[in-house]
Amino acid sequence: MLRAMDRHDPQAPVGHAPGTRARSRAAVLGHPIAHSLSPTLHRAAYESLGLADWRYDAVDVTEDGLAAFVGSLDDTWAGLSLTMPLKQTVLGLLDHVEPLAEVVGAVNTVLLQGSGAGRVLVGANTDVYGLVTALGEGLTGGTAARVGTAAVLGAGATAASTLAALGQLGCTTAVVYVRSVPRAGGLVRAAHRMGVQPVLRSLDDAVDQIGTADVVVSTLPPHAADDLAAALPGARPAGVLLDVAYDPRPTALSAAWAARGGVVVGGERMLLHQAVEQVRLMTGRPGPVDAMAAALDARLAS
């Protein structure tokens, strides 16, 4: 199923009059996709950079429909952002996968290079960059900080990117809390490819243990950590929490962590920074962080 979520003329670039065509196009794909904040971020970047002939859409694409959509793209397309469940599905459709995305096993960015018969599809992962940069906002020392101990909640694609990010920050033995250890095989294989040795534990154990970690990253879906938040001990947490969920804002886990005096980095900061890197890769221009952050904050506030 393919369904454009935009209400304007499907051929009209952002900032152009209806009926004109974009010279360069990009979009975020996923299912469902109506909730995506990527259009807000990328459109703000295009406006700030003066890229009036660039356009960014949100398109509802299922796993079954991804190959057909990718095959239909013409030479006006510069790149794609991918959400779940497409970050693994796309791997078989690419001509080249950048090393980081290959070891993580997840592609959230597709770059369309060349034209015509020479067109090449390149897969990249900007989630790791987004995680490292967002965590750096809460860590003393920023992205140059060295993390000794870390806890990760969840075992999906974002958890794999989190292990790669923690590895860049010096922690290669994070404790990963999962609902089912036997079903975490994909994460373990990804960790081994990147030289990381995670310790798997039951999610039920997290409430009594995560408070002592230097860094805690929750990759659980919205509200999945609410029970854990309600059961957190009253003691002040030792480290920085990044909850990649950002709806509601703050999440129950973030609110409980902050109420106990812990440092919290909102999940929207990871979203922001991975989009900043996507803009750089797709346009060749540095992503305007301040303009994109302002647009994101305004959207979330509304």
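These questions and answers go through a predicted model and the definitions behind its descriptions.

User: What should I know about the model before we start?

Analyst: This is a predicted model, in which local features need pLDDT of at least 70, side-chain atom pairs count only at pLDDT 80 or more, and totals for chains, interfaces and linings use all residues. Residues are numbered from 1 along each chain as its sequence is written, and side-chain values use heavy atoms, with hydrogens and water left out.

User: What makes a stretch of the protein chain a helix or a strand, and how many are there?

Analyst: Both are DSSP runs, numbered from the N terminus: H or I of at least four residues for a helix, E of at least two for a strand. By that rule the protein chain has 11 helices and 13 strands.

User: Why does the radius of gyration of the protein chain agree with a compact globule?

Analyst: The radius is taken over C-alpha atoms, and the globule rule is 2.2 Å times the number of residues to the power 0.38. For 302 residues that gives a value near 19 Å; the protein chain has 19 Å, so the two agree. The C-alpha trace spans about 60 × 40 × 35 Å along its principal axes.

User: Why is arginine 285 called partly exposed?

Analyst: Buried means under 20% relative accessible area, exposed means over 50%, and partly exposed lies in between (1.4 Å probe, protein chains only). Arginine 285 has 34% relative accessibility, so it counts as partly exposed. Of the 302 residues of the protein chain, 54% count as buried.

User: Why is histidine 223 called exposed or buried?

Analyst: Histidine 223 has 53% relative accessibility, so it counts as exposed. Histidine 223 sits in the loop between strand S11 (215-218) and helix H8 (226-230). Its phi is near 75 degrees, a positive value in a residue other than glycine.

User: Which residues does arginine 285 touch?

Analyst: Contact means heavy atoms within 4.5 Å. Leaving out residues up to four places away in sequence, arginine 285 touches Leu49, Leu51, Val279 and Arg280. Arginine 285 lies in the loop between helix H10 (267-283) and helix H11 (289-301).

User: Where are the cis peptide bonds at proline 32 and proline 85?

Analyst: One joins histidine 31 and proline 32, with omega about -5 degrees. Proline 32 is in the loop between strand S2 (24-30) and helix H1 (38-49). Another runs from methionine 84 to proline 85, with omega near 10 degrees. Proline 85 is in the loop between strand S4 (77-82) and helix H3 (86-89).
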